[in-house]
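Here is a short report on salt bridges and domain contacts in one protein chain. The structure comes first, the reading of it after.

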Amino acid sequence: MISEKQQTHISKFLSLVLRHKPETIGIQLDQNGWTDIKELIEKSNKYGIQFDRETLNHIVATNSKKRFAFNDKLNKIRASQGHSVEIELGYKNQKPPEILYHGTSEKSVDSIQEKGLEKRNRQHVHLSSDTETAIKVGQRHGKPFLFEILAEKMYNDNFEFYISENGVWLTDNVPTKYLKIKNNSR
């Protein structure tokens, strides 16, 4: 089996080609973000990222964030969310919990309080149903800061919410009136 460091490297590479730049290795994502697994492995190996089907199965199965999913026939793979390329994940509008959370870094707080949460170059804003996950997300960018999102109120005001295969809540934007500061460690 490959090392944890190699797994992380392959996982980051998969995020790049399945979420943002499939053209890096010359693969195509269909309208729902799926690509052929054999072609992905073949072209990744030609590009210098070496892995086989067993390794790919292990990465998909053990990724703590469940970033990737196989289709029912197990011949295609896609990223669960976070795409900057235009695809339709096929998620249905769902009623969210009353409160969701968004973790960010302290350096982003002022901008978020001014403009709300924006999807920017992604297809959706990502929200968590628990504070632990949101804090982990915020830590990736510096000292974490947590916002509560009045999700049920947004939903009642006709905002759409989706939940990805890996449990991440998605919406198009969160206006400032639906944001509450969860922690004010600033």
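Glu42 and Lys46 join their side chains in a salt bridge, at 3.8 Å from N to O. This is a predicted model. Both residues sit in helix α2 (residues 37–47), four residues apart, about one turn of the helix. Glu42 is partly exposed, at 44% relative accessible area. Lys46 is exposed, at 69%.

The whole structure holds six salt bridges. Three of them, including the helix pair, are listed here.

| Salt bridge | N to O distance |
|---|---|
| Glu42 – Lys46 | 3.8 Å |
| Lys119 – Asp172 | 3.9 Å |
| Glu148 – Lys180 | 3.8 Å |

Lys119 and Asp172 form a salt bridge, with their closest N and O atoms 3.9 Å apart. Lys119 is in the loop between β5 (117–118) and β6 (125–127), and Asp172 is in the loop between β9 (169–171) and β10 (173–174), so the bridge ties together parts 53 residues apart in sequence. Lys119 is partly exposed, with 34% relative accessible area. Asp172 is partly exposed too, with 40%.

Glu148 and Lys180 meet through their side chains in a further salt bridge, at 3.8 Å. Glu148 belongs to strand β7 (residues 144–149) and Lys180 to strand β11, so this pair ties together parts 32 residues apart in sequence. Is Glu148 buried or exposed? At 12% relative accessibility, Glu148 counts as buried, because the cut-off for buried is under 20%. Its partner Lys180 is partly exposed, at 42%.

Lys182 lies in the segment after β11 (179–181). Lys182 is partly exposed, at 40% relative accessibility. Among the residues that Lys182 touches are Tyr101, Thr131 and Glu148. The C-alpha atoms of Lys182 and Leu74 are 41 Å apart, and the two residues are separated by 108 residues along the chain.

The domain assignment gives domain 1 (4–79) and domain 2 (99–181). Their centres, taken over C-alpha atoms, are separated by 27 Å. How many residues of each domain are in contact? Six residues of domain 1 contact five of domain 2. About 460 Å² is buried between the domains, and carbon and sulfur atoms give 32% of that area. In domain 1, Arg19, Lys65 and Lys66 lose the most area to domain 2, together 58% of what that side buries.

The touching side of domain 1 has one nonpolar, no polar and five charged residues. Even so, zero salt bridges are found across the interface of domain 1 and domain 2. Zero residue pairs in polar contact, both at pLDDT 80 or more, are found there.

Methods
Residues are numbered from 1 along each chain as its sequence is written. This is a predicted model: local features need pLDDT of at least 70, side-chain atom pairs count only at pLDDT 80 or more; totals for chains, interfaces and linings use all residues. Side-chain values use heavy atoms; hydrogens and water are left out. Helices (H or I, at least four residues) and strands (E, at least two) are DSSP runs, numbered from the N terminus. Buried means under 20% relative accessible area, exposed over 50%, partly exposed in between (1.4 Å probe, protein chains only). Contact means heavy atoms within 4.5 Å. Domain bounds come from an automatic or database domain assignment. Buried area is the accessible area (1.4 Å probe) that two parts lose on being put together, summed over both. A salt bridge is a side-chain nitrogen of Lys or Arg within 4 Å of a carboxyl oxygen of Asp or Glu. A polar contact is a pair of N or O atoms within 3.5 Å; within protein, one must be able to donate a hydrogen and the other to accept it, and residues adjacent in sequence count only if both atoms are side-chain atoms. Ala, Val, Leu, Ile, Met, Phe, Trp, Tyr, Cys and Pro count as nonpolar, Asp, Glu, Lys and Arg as charged, and the others, Gly among them, as polar. Lists of a residue's contacts leave out its neighbours within four places in sequence.
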